[in-house]
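This report describes the fold, the strand pairing and the nonpolar core of one protein model. Please keep the sequence and the coordinates at hand while reading.

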Amino acid sequence: MYWTQYFENVVSIAVFFILALQQSSASATGTGIAAAAATNVTNGFYIETTKGNWFQAFNGCSIKRMNLVVLDTKDKTDKLIRELKKVYGNDHPNIWIGGNDKAKNREFMWITANKPFTYTKWAPGQPDNKRGKEHCAMLWENHNYQWNDGDCLSKMIYVCEERK
Ligand SMILES: [Ca+2]
């Protein structure tokens, strides 16, 4: 009886510390991102250079009251590329965009728009779901802003867009 109670106490204290840690890191991140939200929005886009995995990118845009970018037309895609070229030229890093195929394998969707991909700019041979681990859409470095399906847990910069 005594040991059971002791064990329960240890577990609840551990859970408390884990929750407290999560909370403090979440609010620290939130403050930083929120503070940055008011500036650096050009033509409706915001380039977040703090790297995150796809889910952190999605949340990072939500915290700013923005969306992880939806590239559902050629016009909008070209507009974003023009903005990115001002910063990176043709030598851009990997960049998350707002699509994945998590709901139905191999059917990519723009998540905030809840629309399937119709216009696409996949690099040749993509999406290939390499090693069965690639379910999130990104602008692929060394491929001139063409898209790749990448491992959603990879960390990279991302682009948010203003909500309409
Ligand atoms: Ca791929």
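Which pattern does the protein follow when read along the sequence? The order is α-β-β-α-β-α-β-β-β-β-β-β, and the secondary structure amounts to three helices and nine strands, where helices (H or I, at least four residues) and strands (E, at least two) are DSSP runs numbered from the N terminus.

The model is predicted, with local features requiring pLDDT of at least 70 and side-chain atom pairs pLDDT 80 or more, whereas totals for chains, interfaces and linings use all residues. Residues are numbered from 1 along each chain as its sequence is written.

Of the 164 residues, 27% are buried, a residue being buried if 20 or more other C-beta atoms, placed from the backbone, lie within 10 Å of its own. Contacts are pairs whose C-beta atoms, placed from the backbone, lie within 7 Å; among those between residues at least 6 apart in sequence, 66% join residues at least 24 apart.

The largest nonpolar core, a set of buried Ala, Val, Leu, Ile, Met, Phe, Trp, Tyr and Cys residues joined through C-beta atoms within 7 Å, has 25 residues, and L68, W96, I97, M138, V159 and C160 have the most contacts inside it. The elements tabulated here each supply at least two residues of this core.

| Element | Residues |
|---|---|
| α2 | residues 54-63 |
| β3 | residues 66-68 |
| β4 | residues 95-100 |
| β7 | residues 136-139 |
| β9 | residues 156-162 |

Leaving aside residues up to four places away in sequence, C160 touches Y46, E48, C61, K64, M66, N67, L68 and V69.

Strands β7 and β8 run antiparallel and are joined by four bridges, pairing being defined by at least two DSSP bridges between two strands; the core residue M138 has N148 in β8 as its bridge partner. Strand β8 (residues 147-150) is covered on both faces, with W147 and D149 buried on one side and N148 and G150 buried on the other.

Technical notes: Buried ≥ 20, exposed ≤ 12 C-beta atoms within 10 Å, placed from the backbone. Contact = placed C-beta atoms within 7 Å.
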